[in-house]
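Please open the structure in your viewer and keep the selection tool at hand. The tour below proceeds from one selection to the next.

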Amino acid sequence: PDRQGALHLLGVVEAYAGPSRLGADDVVSRFYQLQADELKAKLMGIAAGKAQVHIDLGRPASKILDHAASLKATLIAMSTHGRSGFTRWTLGSVTEQVLRASPVPVLVLR
């Protein structure tokens, strides 16, 4: 299918504990699945039928870059929480990681 000009919304549920996958039957995976379902519902509301919605589990920056590469994206647009100081240092910055590693332009909205 022709994906040129297509809009894709990606939501990533950050995995903190051990190996898990969406759709699996273990307790941790079910917990992540609940988060994924909630995130998907929110993104479907935003997409309003005008964008494809993708939900993934893992490290957000890596997943964003992986999806952009697989879609041959020409632009990544993302928002930032605008954390600073100790919070940013301890949690890292997904936006900063994507900005540094992306081979395509990144539009950041705050």
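Two residues are in contact when heavy atoms of theirs lie within 4.5 Å. This is a predicted model, in which local features need pLDDT of at least 70 and side-chain atom pairs count only at pLDDT 80 or more, while totals for chains, interfaces and linings use all residues. Residues are numbered from 1 along each chain as its sequence is written, and side-chain values use heavy atoms, with hydrogens and water left out.

**First stop: Ile 64**

Select Ile 64. Leaving aside neighbours within four places in sequence, Ile 64 is in contact with Leu 10, Ile 76, Met 78, Val 94 and Val 98.

**Second stop: the core**

Now add Ala 61, Ile 64, Ala 68, Ile 76, Met 78, Val 98 and Val 106, the 7 residues of the largest nonpolar core. Such a core is a set of buried Ala, Val, Leu, Ile, Met, Phe, Trp, Tyr and Cys residues joined through side-chain atoms within 4.5 Å. Here buried means under 20% relative accessible area, exposed means over 50%, and partly exposed lies in between (1.4 Å probe, protein chains only). Helix H2 (60–71) and strand S3 (76–79) are the elements that give two or more residues to this core; helices (H or I, at least four residues) and strands (E, at least two) are DSSP runs, numbered from the N terminus. H2 provides the largest share, 3 residues. Apart from this core lies another, of 5 residues, including Leu 9, Ala 47, Ala 51 and Val 53.

**Third stop: helix H2**

Select H2 and colour Pro 60, Ala 61, Ile 64, His 67, Ala 68 and Leu 71, which are buried. Where do the buried residues of H2 fall, seen down its axis? They fall within an arc of 135°, so they line one face of the helix; the arc is that of the directions from the helix axis to the C-beta atoms. Among the elements that cover them are strand S1 (8–14), strand S2 (52–58), S3 and helix H4 (94–101).

**Fourth stop: two loop residues**

Move to Lys 72, in the loop between H2 and S3. Lys 72 has a positive phi of about 55° although it is not a glycine, and at 71% relative accessibility it counts as exposed. Next select Ala 48, in the loop between helix H1 (27–47) and S2. Ala 48 is not a glycine, yet has a positive phi of about 45°; its relative accessible area of 54% makes it exposed.
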